[in-house]
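Trainee: I am new to this structure and would like a close look at a single part, the salt bridges. Please set them in the context of the whole chain.

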Amino acid sequence: MRHNLAARVGIWSAHHRKTAIVGWLLFVVLATVGGSSVGMIEMTESEGGAGDSARAQKILEDADLESPAGELVLVSSRTEGGWKATAAELTRTVAATGETTRIEPPQAGGRRSEERERELR
């Protein structure tokens, strides 16, 4: 009776168990080491996305435009200038986290609306 390759390997493995187990373990170790040494290429945000947002992200990447996240905080008060102490404290607290890079000083936003003036009277 003639056996195919898989049958012959199976018969050999059954007769040489220890050699077959050591061979498979060696293969797994070599495959793991070889696979990890090759490295990995990760997709960019635009390659992983879809539609218009992916196209826009690709345009920004190609132009090397990378803007950091920004935040604008509005602090208000019922009294004139009452917001300044709160804004200063907020600025100190955010700066103390060490997670920010550029904090601008508090600024007065502008004039009160006539409606707001009536509410305060």
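Mentor: Of the 121 residues of the protein, 4% count as buried. This is a predicted model, and the values below are computed from it. The accessible surface comes to about 11,500 Å², with 57% of that area belonging to carbon and sulfur atoms. The protein has six helices and zero strands, and its elements run α-α-α-α-α-α from the N terminus on. Among contacts between residues at least 6 apart in sequence, 23% join residues at least 24 apart.

Now the salt bridges. A search of the whole structure finds three. Side chains of opposite charge can pair when their charged atoms come close.

Take helix α4 (51–62). At 1.5 Å a residue, its 12 residues should span 16 Å, and the end C-alpha atoms are 17 Å apart, which agrees. One salt bridge here joins Arg-55 to Asp-52, with the closest N and O atoms 2.1 Å apart. Arg-55 and Asp-52 are three residues apart in α4, so about one helical turn separates them. An α-helix has 3.6 residues a turn, so residues three or four places apart point the same way. Arg-55 is exposed, because its relative accessible area is 52% and exposed means over 50%. Asp-52, at 57% relative accessibility, also counts as exposed.

Another salt bridge in the helix is formed by Lys-58 and Asp-62, where the closest N and O atoms are 3.4 Å apart. Lys-58 and Asp-62 both lie in α4, four residues apart, which is about one turn of the helix. Here the accessibility classes are as follows: Lys-58 is partly exposed, with a relative accessible area of 39%, whereas Asp-62 is exposed, at 54%. Just after α4, Asp-64 takes a positive phi of about 55°.

The remaining salt bridge is between the side chains of Glu-104 and Arg-102, at 3.4 Å from N to O. Glu-104 counts as partly exposed at 48% relative accessibility, while Arg-102 is exposed, with a relative accessible area of 69%.

Next to the charged pairs, consider a nonpolar feature. Val-73, Leu-90, Val-94 and Ile-103 make a nonpolar surface patch of about 280 Å². Val-73 is found in the loop between α4 and α5 (83–96), and this residue is exposed, with a relative accessible area of 52%. Helix α5 also holds Ala-88. Ala-88 is partly exposed, at a relative accessible area of 29%. The C-alpha atoms of Ala-88 and Pro-105 are separated by 8.0 Å, although these residues are 17 apart along the chain.

For another helix to set beside α4, look at α2, residues 17–38. The 22 residues of α2 should span 32 Å at 1.5 Å a residue, and the end C-alpha atoms are 32 Å apart, which agrees. Helix α2 is hardly covered: one of its 22 residues counts as buried. Gly-39 follows α2 and has a positive phi, near 100°.

To return to your request: two of the salt bridges described lie within α4, Arg-55 with Asp-52 and Lys-58 with Asp-62, and Glu-104 pairs with Arg-102.

Definitions and conventions:
Residues numbered from 1 in each chain as written. Predicted model: local features only at pLDDT ≥ 70, side-chain atom pairs only at ≥ 80, totals over all residues. Heavy atoms only, no water. Expected span 1.5 Å × (residues − 1). Buried < 20%, exposed > 50% of the residue type's maximum accessible area, 1.4 Å probe, protein only. Patch = residues over 30% accessible without salt bridge, like charges linked within 9 Å, V, L, I, M, F, W, Y side chains within 5 Å. Areas by Shrake-Rupley, 256 points an atom, 1.4 Å probe, with all protein chains shown as cover. Salt bridge = Lys/Arg side-chain N within 4 Å of Asp/Glu carboxyl O. Contact = heavy atoms within 4.5 Å.
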